[in-house]
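User: Hi! Could you walk me through a few spots in this model? I'll just fire off questions.

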Amino acid sequence: MGRAKQLGKNTLLVFIGSFGAKIISFIMLPFYTRWLSVTDYGVVDMISIYQSLLTDFLTAAISTSIFIFPKGVAFHRQKEYFSSGLIFAFFAFIVAALLFYIVRSSFNLFSVSNSFTDYTVWIYIMIFITFIQTYLQQFCRSIDKMYVFTLIGILLTLCTGIFSFIFIPKNGVYGYLIAMVLSNVVVAITTFFIAKLYKYVSLKSFNKVSLKEMLKYSIPTIPNVLMWWVLGSLNRPILEGTVGLSGIGILAVAQRFPNAASLVFSIFGNSWQISVLEEYKMNDFPLFFNRVLAIFSIITCLGVLILSYISDWLVTFIVGNNFLSSSTYIPCLSLALFFLCMNTIISPIFSAVRKSKYYLYSSIWSAVLTIGLNILLIPLIGIMGACISIVCSHALMTLLRVKYTLIFVPVYLKEQYLFLGLLAVAFIVALSIGDSLMFRTMALLVAFLGVALVIRNFDKRLNIKFLAIKLFKNKIKFKQS
């Protein structure tokens with residue numbers, strides 16, 4: 001099977017398995033915004049943020065390694081990696097339970113009350129069950145059981161929707177938490193038995209060397225996780241102290257729209273990571289890499305333009321009146337999509353060469369920038385300050401990762417990517433100064449013309465036939481050089 005066709009097949013399988021599970025939060029958004037108040041939605045968002053931050057810290061990000069190391073090795077080695085990681089995680093959660101108890105007791109002693117102290121137990125439960133579910137999924141991908149990955153993605157979508165309708169209307173925030181936990185429990189149990197993962201579990205298979213090998217790779221990614229939390233979530237505690245939980249609820253709803261658009265690229269990123277690991281040592285990999293980077297940068301830029309143009313209509317149609325102000329922030333937040341796409345394509349190079357330190361280097365500088373901008377801008381301009389900080393930090397991270405990528409793979413036509421980014425910025429600025437439909441439409445047409453010129457330049461250099469992309473037919477065709 002050709003590399004492009006294999007990439008297309010992997011993308012389709014991951015799309016089916018991930019799209020529903022990832023898009024469900026967006027599909028359910030109209031219901032969430034009616035079942036939950038603005039403040040309650042802010043609480044839910046804060047719990048999710050704490051869970052996403054602490055999971056990798058408490059488990060040393062071992063789920064990152066369980067995708068990398070079992071791939072392509074003998075069964076007994078896969079068993080060693082899987083069992084060693086699980087046993088390590090078991091003891092890590094025992095320690096974590098003790099730490100959570102100490103932290104909660106200390107906060108209660110000093111009468112500290114916030115979204116963390118009020119939901120400490122639930123945060124711990126969410127961390128535990130989401131780790132198990134993620135660990136099993138990543139292992140299934142590593143051992144090429146993509147059919148299981150696809151099936152459980154569909155199951156997670158169904159369970160989330162069903163449990164949400166059952167529990168949230170009457171129980172609010174607690175109903176949301178119950179729905180999320182039960183959904184992940186059902187999926188984890190199903191994954192374990194359908195994929196026959198019990199064959200890989202054995203106390204005798206615990207191997208210190210294998211565990212050290214995984215931890216050596218995963219631990220350096222933890223600061224990267226922290227930096228990503230700083231980039232995307234540090235604004236929440238600052239917002240909670242300035243504009244309150246209601247402001248967090250508005251920002252969380254605004255982010256749902258660009259996040260939903262980014263799902264396609266994150267899903268592609270999962271299959272792209274597989275292709276990079278398999279294809280990196282090929283002689284013509286640089287051309288293959290640059291073609292994929294060019295195509296998805298174009299697609300993302302178009303997505304940013306369209307999403308920004310229709311943001312007002314989307315919010316009016318999808319969410320309730322309490323959240324209408326979130327449309328103000330969608331164009332700015334959607335700009336981060338462009339840089340996210342670049343990172344999605346570039347970052348797997350660091351996994352292929354097993355140089356996770358480059359994740360850290362780029363994240364540190366981006367985190368420093370976002371900390372400074374959040375502290376400076378949020379007290380001055382509130383939610384918009386958080387949005388500007390997100391965009392600027394993602395832009396810096398992209399520039400740095402391009403710089404580090406050049407060590408291993410050349411990036412062609414870099415000036416075209418810069419032009420695309422500036423084009424998107426100019427369009428969003430135009431939207432902010434012109435409210436009339438005619439002005440907005442003219443700005444969109446001018447932006448489309450700029451994208452067309454970039455497409456022409458990419459096609460001349462990289463010889464790409466953009467219309468040959470057929471993701472939903474299990475293949476992506478590139479005109480061969």
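User: Where is Gly175 found?
Analyst: Gly175 is found in helix α8, residues 146-194; helices here are DSSP runs of H or I with at least four residues, numbered from the N terminus. This is a predicted model, where local features need pLDDT of at least 70, side-chain atom pairs count only at pLDDT 80 or more, and totals for chains, interfaces and linings use all residues. Residues are numbered from 1 along each chain as its sequence is written, and side-chain values use heavy atoms, with hydrogens and water left out.

User: Is Gly175 buried or exposed?
Analyst: Gly175 counts as buried because its relative accessibility is 0%. Buried means under 20% relative accessible area, exposed over 50%, and partly exposed in between, using a 1.4 Å probe and protein chains only.

User: What is Gly175 in contact with, leaving aside neighbours within four places in sequence?
Analyst: Phe167 and Ile168, where contact means heavy atoms within 4.5 Å. As for Phe165, its C-alpha is 9.2 Å from that of Gly175, and the two are 10 residues apart in sequence.

User: Switching to cysteines: how many disulfides?
Analyst: The count is zero, with a disulfide taken as a pair of cysteine sulfur atoms within 2.5 Å.

User: Why no bond for Cys387?
Analyst: The closest cysteine sulfur, in Cys332, is 5.2 Å from the sulfur of Cys387, so it is too far for a bond. Cys387 is buried at 0% relative accessibility, and Cys140 is buried at 0% too.

User: And how many residues of α3 are buried?
Analyst: 17 of its 22, so α3 is mostly covered. After α3 comes Ala60, with a positive phi near 55 degrees.

Definitions and conventions:
Helices (H or I, at least four residues) and strands (E, at least two) are DSSP runs, numbered from the N terminus.
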